[in-house]
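Visitor: I should like to request a close look at a single part of this structure, with its surroundings described in order. Please take me through the strands, the helices and the side chains that meet between them.

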Amino acid sequence: MKEKIILIGGGGHCHSCIDVIESSGAFKIAGIVEQPGKNKENSILGYPIIGYDNDLATLRKHFDYALVTIGQIGSGMVREKLFKYLKELKFILPVIISPLAYVSKHAAIGEGTIVMHQVVVNAGAHIGNNCILNTKCLIEHDAKVGDYTHISTAAILNGDSTIGSRCFVGSNATIVNGVELPDDYFFKAGALIINRKNGKAFGENNL
């Protein structure tokens, strides 16, 4: 019998997470936990809204598994706060991997991270906790991604590159081989990050 899992956050990113979880077949989705007043619907893609953030302690008595399904454009602080609260409540936060993704057996993926459709994670890569590896992104060999970071659709982290925690890498952005970038950075869609100087990333078409 499949274990039941609850999803925290019911927006657009949650829709994509539902599709990946359904495709993987690893869990049965018990329902969605929302913020009060955030969603006027009673269900999301056929799954009921079973409570709100302030109900999580009660829900823990009934469910062991949870996943943060709030999206992230910009700061990862909300996802970080939720992840830490779920850990305090002793929820298990599994790694969710789409059957359409490829993750090398020599890569490491932190708890609570979701690997979406057509993602590639190559040998020696290390992904932190509670990350989003969004559709078609590429994490090359020996690249490192910190906790609570969102690598958006079709973004590329080339070999031996490092990106810190709570970062956002926009769609189709490219991080060049060997670049090291600190925490809390925002890289817009299409950015090309080729170097770092005095703590600030620079390159072509990036902030």
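**Strands, helices and their contacts**

Guide: In this predicted model, 5 strands form an open sheet in the order β8-β11-β14-β17-β20, and their pairing is parallel. The edges of this sheet are β8 (108–109) and β20 (180–181), each of which pairs on one side only. Strands of a sheet pair through backbone hydrogen bonds, in either a parallel or an antiparallel arrangement. Within the sheet, β14 (residues 144–145) and β17 (residues 162–163) are joined in the parallel sense by 2 bridges. Opposite K144 stands T162 of β17.

A further parallel pairing links β1 and β5, over 4 bridges. Here I8 has V68 of β5 as its bridge partner. In a regular strand the side chains alternate between the two faces of the sheet. In β5, Y65 and L67 point one way while A66 and V68 point the other way, and all are buried.

The helix to examine closely is α3, which comprises residues 77–88. At 1.5 Å a residue, its 12 residues should span 16 Å, and the end C-alpha atoms are indeed 16 Å apart, so the expected and computed spans agree. R79, E80, L82, F83 and L86 are the buried residues of α3. Viewed down the helix axis, these buried residues fall within an arc of 165°, and therefore they line one face of α3. On the other side of the helix, M77, K81 and E88 are exposed. The partners of the buried residues of α3 are β1 (3–8), α1 (12–24), α2 (56–59), β5 (65–68) and β12 (132–133), against which they pack. The strands β1 and β5, described above as a parallel pair, are thus among the elements that α3 packs against. Following α3 comes K90, whose phi is positive, near 70°.

Another of these partners, α1, may be treated in the same manner. Its 13 residues should span 18 Å at 1.5 Å a residue; the end C-alpha atoms lie 19 Å apart, which agrees. H13, C14, C17, I18, V20 and I21 are buried in α1. Just after the helix, G25 takes a positive phi of about 70°.

The cysteines merit separate mention. A search of the whole structure finds 0 disulfides. C17 is accordingly in no disulfide, and the nearest cysteine sulfur, that of C14, is 6.3 Å away. C17 has a relative accessible area of 0%, and is therefore buried. For C167, the closest cysteine sulfur belongs to C131 at 9.6 Å, which is too far for a bond. C167 also counts as buried, because its relative accessibility is 0%.

Finally, H117 is found in the loop between β9 (114–115) and β10 (120–121). Its relative accessibility is 17%, so H117 counts as buried, the cut-off being under 20%. Two polar contacts involve the side chain of H117: one with the side chain of D19, at 2.7 Å, and one with the side chain of S98, at 2.6 Å. Setting aside residues up to four places away in sequence, H117 touches D19, V20, S23, S98, L100, T135 and K136. One of these, V20, is also one of the buried residues of α1.

Note on methods: Residues are numbered from 1 along each chain as its sequence is written. This is a predicted model: local features need pLDDT of at least 70, side-chain atom pairs count only at pLDDT 80 or more; totals for chains, interfaces and linings use all residues. Side-chain values use heavy atoms; hydrogens and water are left out. The expected span of a helix is 1.5 Å times one less than its number of residues. Buried means under 20% relative accessible area, exposed over 50%, partly exposed in between (1.4 Å probe, protein chains only). The arc is that of the directions from the helix axis to the C-beta atoms. Contact means heavy atoms within 4.5 Å. Two strands pair if DSSP finds at least two bridges between them. A disulfide is a pair of cysteine sulfur atoms within 2.5 Å. A polar contact is a pair of N or O atoms within 3.5 Å; within protein, one must be able to donate a hydrogen and the other to accept it, and residues adjacent in sequence count only if both atoms are side-chain atoms.
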